[in-house]
Structure formats: structure tokens, C-alpha cells
Amino acid sequence: MNEDTYINAKNMKEGGYSIFHQEYIIMAEYRMLQTENLPGIYVIPSHENSFLWYGVIFIRSGTYGGGVFRFTLTLPEKFPDDTVPTITFTSQMFHPAIDAVTGILSLSEVFPQWDRKQNHIWQILKYLHWIFHNLNMKVPANNEASTLYKTNRKLFIDKVKESIANSNEHIYDEPPTEDKHYITFKPYDPNVHDSAKNMMLKVPGGNESSHGISWVQSGSYQSFSKDDTA
């Protein structure tokens, strides 16, 4: 093996290790967020590209209650030693913290820079949930939405309802990608879904409840537990 061949092989080995280590960090971040309480938020890394995550958030109460919004989370090339990851809504959004043109969620207030020792992806998703219940942004990404929220609440709510209706109208659209991990929804089909529904409605211990049990307690974002329903 001559010197040039040796150097190329060494670089490939080092580069391969670097990529492997980076993938490990990304998967560790994904496992970490699965242990956190992230109500109504579902995310999964792309099957083709671990730097791209598909997400959906269900808003169950408040001004945006009833909304189902799609988003992507994009990790920078040198993650975690790089800039802050980006959340981009693919649903039409009217929100003070979300750019109306690009759909990008402004994270500058809480993540001015990314510190791999202190910052994690689950924290971004916590903030994502928080913004739908705290609309008074210090540095808004959508000035129109921010101004209306402060000066004309009725018109603001009307525009939010339009945003919700537009997003929910496209819940069952065909996927824009062939990626196996893209999150899709199908209309309720009793022949397919009733058995799973009935299992979910069973009270722990085998008794049936006439009202059933939701995975989320009414008026809160806390999941039911055995202790709650015993």
C-alpha cells in the first residue's frame, strides 16, 4: 500500500467513524425524547435521512384547540456541534412565533445558540407545545399575528380558525414523499379500527366503562394511568 492509498483509507475510516458516531447521537436524542412528556406531539426520523424528522402536533385545547399541524424538524449538518435545529410547519400557520411565508418556528428567544451539553431536541418540542398556549412573543416572527393578538383578538381568533380548518382539511392528503416514515392518516374504518378502539376503552382490571377512557384526561394533557382509573 503506497502512502496516498494509506492516507485515503485512513480518512475514510475516520470519516466513517464520525458518521457512525453522529448517527448514534441522533438516535440517542430520539430515545431521550421518547421518555419525556410531550403531549400531542408525534415525531419520527425519516427512513432515508436521520437529519430530517417528520412530526405532527395535536392541539387539544385553547385558541388552537382542534388543530392538527404537520411540521418537519431538520438537524444541521454537523449536529450536535452546529446551529440550532429548525422546525418548519408544512401546514398553513397563523401564529406570532411562526413565519407566515417560510413556516419556520422562531427559536431565537429560547435557543440563541446550540450547546450540545445543555440542549436537546426534546426541549425544542417542549417549546413547540408551549407556544400554542403562550402567544405573547417578545420577538415575533409574524408581526401581523402578534399585532392582532394584542389589538384585535376577535380577528386574530378568526384567522387562527381559518388556519386550523385549512390544516385539518389536508389531514388525509396523499404523502408528498415515498419515505416509509412519513406520518399518514386514514379515515376511521370500523372494520379496521373498532377492535383497537374497544381495547383502549377497557378499564384496567377487565371492566367496561360506559363512557370509555381517553388516553388524555379531559381538560389536561396528562395521560391516564392505572392509578388514575382504579
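Colleague: Where in the fold is the place of Ser106?

Modeller: Ser106 is in the loop between strand E4 (86-89) and helix H2 (121-131). Helices (H or I, at least four residues) and strands (E, at least two) are DSSP runs, numbered from the N terminus. Mind you, this is a predicted model, where local features need pLDDT of at least 70 and side-chain atom pairs count only at pLDDT 80 or more, while totals for chains, interfaces and linings use all residues. Residues are numbered from 1 along each chain as its sequence is written, and side-chain values use heavy atoms, with hydrogens and water left out.

Colleague: Which residues does Ser106 touch?

Modeller: Contact means heavy atoms within 4.5 Å. Skipping residues up to four places away in sequence, Ser106 touches Ala97, Tyr127, Val139 and Ala141. Its side chain also makes a polar contact with the side chain of Ser108, at 3.3 Å. Within protein, that term takes a pair of N or O atoms within 3.5 Å, one able to donate a hydrogen and the other to accept it; residues adjacent in sequence count only if both atoms are side-chain atoms.

Colleague: Which side chains of E1 are buried?

Modeller: Buried is under 20% relative accessible area, exposed over 50%, partly exposed in between (1.4 Å probe, protein chains only). Along E1 (residues 41-45), Ile41, Val43 and Pro45 point to one face and are buried, whereas Tyr42 and Ile44 point to the other and are not.

Colleague: And what does E1 pair with?

Modeller: Strands pair if DSSP finds at least two bridges between them. E1 pairs with E2 (residues 52-58), antiparallel, over five bridges. Ile41 stands opposite Ile57 in E2, and six residues lie between the two strands of this hairpin. His47 is in that loop; His47 is partly exposed, with a relative accessible area of 40%. Beyond its neighbours within four places in sequence, His47 contacts Asp179, Lys180 and His181. The C-alpha atoms of His47 and Tyr182 are 8.3 Å apart, though 135 residues separate them in sequence.

Colleague: What is the volume of the second largest pocket?

Modeller: About 210 Å³. Of its 14 lining residues, the closest to the centre are Arg70, Ser91, Ser167, His170 and Asp173. Strand E3 (68-74) and helix H4 (153-169) are the elements giving two or more residues to the lining. A pocket here is an open set of points on a 1 Å grid over the protein atoms alone where a 1.4 Å probe fits, with protein on both sides within 12 Å along at least five of seven lines; lining residues have an atom within 4 Å of a point. Points join across faces, edges and corners, and the volume is the space filled by probe spheres set on them.
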